Structures are given as C-alpha cells and as structure tokens.
Amino acid sequence: MSHSEGTPKDVLVYAEYIDGKVHPVTYELLSKGRELADKLGGSLISAIIGYGPSKYSEDLIWSGADKVFVYEFDEDVKPDVLLHKDVLVNLINEIKPKIVLFGATPWGRTLAPRVAVALRTGLTADCLDIYIDENGDVIQVRPAFTGNIIAHIKTITTPVMTTIRYKVFKPLSKDKSRKGQVIIRKIDKAHLMSKERPFEILGKVKEKEVNIADAEIIVAGGRGLKRKEDLKILEELANLLGGVVGVSRPLVDSGWCSKDRQVGFSGNIVKPKIYIACGISGSPQHLAGMKDSKIIISINIDPSAPIIRYSDLAVVGDLYEIVPKLIEELKKLRR
Amino acid sequence: MKIIVLIKPTPNIEKVRFDVERGVVDRSSAELEINPFDLHAIEAAVRIKERFGGTVISLSMAPPNAVNALRDAIARGVDRAILLSDKRFAGADTLATSYTLASAIRKLGDFDLIICGEKSVDGDTGQVGPEVAELLGIPHASYVVDVKEVSKDSITVVSDLGNAYYLVRLKLPALISVTKEVNVPRKPKLKDVLRARKAKIEIWDADSLKDLIDMDRIGLKGSATRVVKAYYALEKGRRGVIVKGDEGIQKILEILKSEGMI
C-alpha cells in the first residue's frame, strides 16, 4: 500500500460518472492503471464524483482499484466542471500520485486541462498508449497532425497527466474477490448553492442519435452515395449485422445525416471490430477517425482511392451492386 | 461586448508534406492558414458582435509568417489581430502556450467572452482553450455545438458532454470552444479581403509582456512535456487483399464469419 512520503508511485484513475452511469472507458483506464501501478510499486486509486456513485465503488475495486474515493452529493446535481476540478486538485495534492488518467471523452477533455493547469503539470491528449521506459520515465503515445504523426511524449513534471482514447485498452475481467478501501466524502448542498455558479448545466437538450464510438460494426457511407435515400441500403446492411451506419463529413455537410454519425477527425473517432467503408475515398481527416479499427473493409469503384491502401480487404466495384448482393447473401444465411 | 478569439495558424493538412524518415512536418511545404476549427470561432464571435455591438480581437501565437493567416481573420470580421511572436515562445506545449495566451489576454484588460475552436489540425489536443480559462479563473464550456443566448452577464450554449447534448449557462466573462457544427463560416467579401491586405497586424514579443509573465513559464523552458520520438503513422497502411466484384462479397462473408458476426 502507498504512503504519501517519498517518490510518488501511485496511479489515480478519474472515474467518469455522468447521468448516473460510469463511462466504460473508466474500466479500461483501471486495467492500464493496474499495470502501471504494479510496475511503479504503487497503488491504484480511483475517484468518482456525483450523486449516488458509491454503488459503483465495489465495481471499481473488482476492476482493479486498491482504493476508491467517493465524493457524494446529497442531491442530484449535474456535473460541474469547476467543482470536479476543485475536488480533483485537492485530492491530487493530498495523495500525490505519479500518474493521473482520464478518458479522452468530451467530458474528460473538458475537465483534465483545468486540473493540469491548476497543478502546473503536463497533460498529454488523446493517447493510444502509456508506458514506463527503461529509465523509469512515463511515456505517452499520441497521434498528432490529424493522425498523420505518432509522437512519444515524456512529461517532466509530476503528476504525469493523460487523457486516453476510449477502446484502446481492454478492461480486466471483474474479480469479485478483490478487496479494497472505500473512502466516502460528502459534498453538501451549501457548498454548491453558496453563490451563483459560474458553470451550470441547465438540462439535457437531446440524447445522441447513436453512440457510434460504442459500435462493434460500422457500415459507413461517403460521397459514393448518390442520394440521401440510398443511406437506407447501408442501414439494411448495418441492421443485418447488428451494427450502425456512419458517414464521412461531406454527407453531414449536405444535411443527409446527423453529426452523431460522422466518422473522422472533426466527428467521431471510432474503433469498431469491423469498419465497412462504402464509397468513401479516404481523406486524411476520415482516416484519422477510423484507421485503428480492427478490420477495415472498403467497397469503392476507384482502385486508386486512398482508402484501398488502408484496407484489410478492398473490394473494387460499384457499391450499388455489391452492397445489395451482400445483403441478399446475408439474408440467405438467415433463412 | 469585447470578444477575444484564439486563432492558431496551422499548415494546411491537405497540402502539407511529412518527412516520413524523421516523423516531422515539412513546414516549408504549406503556408500557415487559420486552423479550420477556428473559422467557426471567428464566425461565432462576429455573429455576437453583429447583434450586440463591440469588438472582436484575435490572439495568436505563431512564427512571423502567420501574418497572412491573420489578414484572412481580419477579412472575416476580426477588428484587431495580435500575433505573439518571439523565439522565446517557441517549443511551447499546451501548458506554456496557455500561460502565454492568458498573459496576453490580461494585457488586453477586461473582456466578456473568449472563443476558440475545439482543437487544431496540427496539435490535435483541444487543451489550450480550457487551460486559458483556468489560468484566467473563468468558466468554460467545450464542444459547443450551438450558442443559444447571450446576455450582459451570461452565455447559454449547447455542449456535447459525450453521452448527450446539454444546455450550459456560463457566467461572463467565460470561454467557449466551438465545434464545426456551431455555424457555417461566411466567405469573406472581396472588399473585405482588399481592406485586410492593408490592415496592420500587431506583433507582440516576449518583452511586451514582461510585466505580466515569468519568462521561465514560456516556450520550451516553460513546457512540462517533451517529444521523445515521432514517426509517420500513415506510411504503410494495411495493404490487404484487393479483389473485384463477386469475389469481394465472398471475402466479406468470410471475414464476418471468422469474426463471429454471422
């Protein structure tokens, strides 16, 4: 177990908890955090903040944490970036971890920069890996230049702070025999209502049409589609496979589709098991959003399209012939 | 309303060449332009100015050759463009960059709103905006997809928090970082392009901030991170099997089977 004196060697994982749910990236961070803490000879600590999160404390321990700090509100308040920042800054000053991990989710990337600057430490964004090198330095691996460059980055301040992309690491399988320490700290209403809050969530406007980052199979369409209605063909294929439809940016720009389905650097960065790109040429911006998919299949009429080179299987042909035939075959298999 | 827009001059990512051996960007291969995400920040600022009056000041930190990109900002409705440029600023990570920008904002005095793009096409971090907000002690909202309401003392926006879109109210002064969904930037008019050609871009060096900054917190010296190595990510690709027509369908079915999807 850890002690606060001496060289920092603990790892802190911020458990993202919004709307009563723990974001699945949290369990992936715990898995990597476990490995790093073991290597550093420290403990894996997790912090969770919100209304009613204590029900997840065991879950965090089963998933790898040695100690969980639960910051509990006595009423249902929406997440407040300034309040979460204050809580984390205080906790980090108290427990002095070597590494702090956040998910590179919209919320993680909203919160982590404020915490890092408040602590005057380095923060590395949207990492694909983090490791300890032969000198004992913590190195973070991240894409830059719209995914064209991969950089290995060392942080020379403490703690090392990192946001890590969703679906990069595998969560540990839950071990219900694992034991750990749970420390519950109440945050009372007075603290929240004492003054007008500079940051306040007034309510939910709308849910995402689809959480494309969660999909195991994505059937994506691009400029090769001639009409908006033709997205239905892709939808049929996606439905047969239990996947979802994604699109490249031009289709969002022409109003065919909601941004929730956009795959690419300025849309969603995805990592499904299978990505089927239909009529997508593969601009650098699009590749940056899907090139880490496990298997990439492309269907494109142009054999010189860039997507071909980034595919495990490139089918050269007209998507209007190939996709319906594929649908036919899948239906036959179902019968 | 006094609105500050943070603009990062970046190489055009479609044109820029990569030094594949060294894993770096050949900076001479593409001119600096306004980071595409920041065009939406400028547009958001100009729209607020059009409704409420006031000024839009842009702030950038870049080498001197960023001046043309900032003329473009003026053509798009920025009233005053400031370029922080000094060798001492070079090599800055997001910590040193946000510190430098926040110090320059302090020099500009009181303001109502800061707007920036969600991230840049070169750094890809999206960290500088929230970091500037923290340094200035003001609230911020990231991934803003819509500006709903602006009043004398608050701004209400729709922000993507991941699971859903939320209505967020920030007390002014505040910072918002906007996505490409927030608006469609106008093309500058010819007369504005011509006017911008003659516009003065103010250049501020480190000395011009000397009463406001600790020189140890800028540039590489003030940075908490170091690049250990870098390499080109897209060189090899996957170069898998290329097939035609019906054979392709059979191959797709094979993959779906082997992955347990059918």
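A polar contact here is a pair of N or O atoms within 3.5 Å; within protein, one must be able to donate a hydrogen and the other to accept it, and residues adjacent in sequence count only if both atoms are side-chain atoms. By that yardstick, the side chain of A:Asn300 reaches the backbone nitrogen of A:Asp302 at 3.0 Å. The model is a predicted one, with local features needing pLDDT of at least 70 and side-chain atom pairs counted only at pLDDT 80 or more, while totals for chains, interfaces and linings use all residues. Residues are numbered from 1 along each chain as its sequence is written, chains are lettered from A and ligands numbered from 1 in the order in which they are written, and side-chain values use heavy atoms, with hydrogens and water left out.

A:Asn300 itself sits in strand 17 (residues 295–300) of chain A; helices (H or I, at least four residues) and strands (E, at least two) are DSSP runs, numbered from the N terminus. Its relative accessibility is 8%, so A:Asn300 counts as buried. Buried means under 20% relative accessible area, exposed over 50%, and partly exposed in between (1.4 Å probe, protein chains only). Beyond four places in sequence, the contacts of A:Asn300 (heavy atoms within 4.5 Å) include A:Gly279, A:Ile280, A:Ser281, A:Val315 and A:Gly317.

Turning to helix 3 of chain A, its 15 residues (81–95) should span 21 Å at 1.5 Å a residue, and the end C-alpha atoms are indeed 21 Å apart. The expected span is 1.5 Å times one less than the number of residues. The helix is mostly covered, with 11 of its 15 residues buried; among them are A:Val81, A:His84, A:Lys85, A:Leu88 and A:Ile95. At its start, a side-chain oxygen of A:Asp80 comes to within 2.8 Å of the backbone nitrogen of A:Leu82. Just after helix 3 comes A:Lys96, with a positive phi near 45°.

Helix 3 also meets A:Arg185, a residue of strand 12 (residues 181–187) of chain A: leaving out residues up to four places away in sequence, A:Arg185 touches A:Phe69, A:Val70, A:Tyr71, A:Glu72, A:Leu91 and A:Glu94. One of these neighbours, A:Tyr71, makes a side-chain to side-chain polar contact with A:Arg185 at 2.9 Å. With 25% relative accessibility, A:Arg185 counts as partly exposed. A:Glu209 lies 24 residues from A:Arg185 in sequence and 36 Å from it in space, C-alpha to C-alpha.

A:Glu209 turns up again beside another arginine, A:Arg261, which is in contact with A:Glu209, A:Val210, A:Ile212, A:Val244, A:Val245, A:Gly246, A:Val247 and A:Asn268, neighbours within four places aside. A:Arg261 belongs to the loop between helix 7 (249–253) and strand 16 (274–278) of chain A, and is buried, at 18% relative accessible area.

Some backbone oddities deserve a word. Most residues other than glycine have a negative phi, and most peptide bonds are trans. In the loop between strand 9 (138–144) and strand 10 of chain A lies A:Phe145, whose phi is positive at about 50°; A:Thr146, found in the loop between strand 9 and strand 10 as well, has a phi near 55°. A:Phe145 is buried at 12% relative accessible area, and A:Thr146 is buried at 1%. The peptide bond from A:Thr158 to A:Pro159 is cis, with omega near -5°, and A:Pro159 lies in the loop between strand 10 (149–155) and strand 11 (160–164) of chain A. Chain B has a cis bond between B:Leu172 and B:Pro173, with omega about 0°.

Chain B comes to 6 helices and 15 strands, and its C-alpha atoms fill a box of roughly 65 × 40 × 40 Å along the principal axes. Of its 262 residues, 58% are buried. Among its contacts between residues at least 6 apart in sequence, 71% join residues at least 24 apart. B:Ile115, in strand 8 (residues 113–117), is buried with a relative accessible area of 0%. B:Ala45 is 70 residues from B:Ile115 in sequence, yet the two C-alpha atoms are 6.9 Å apart.
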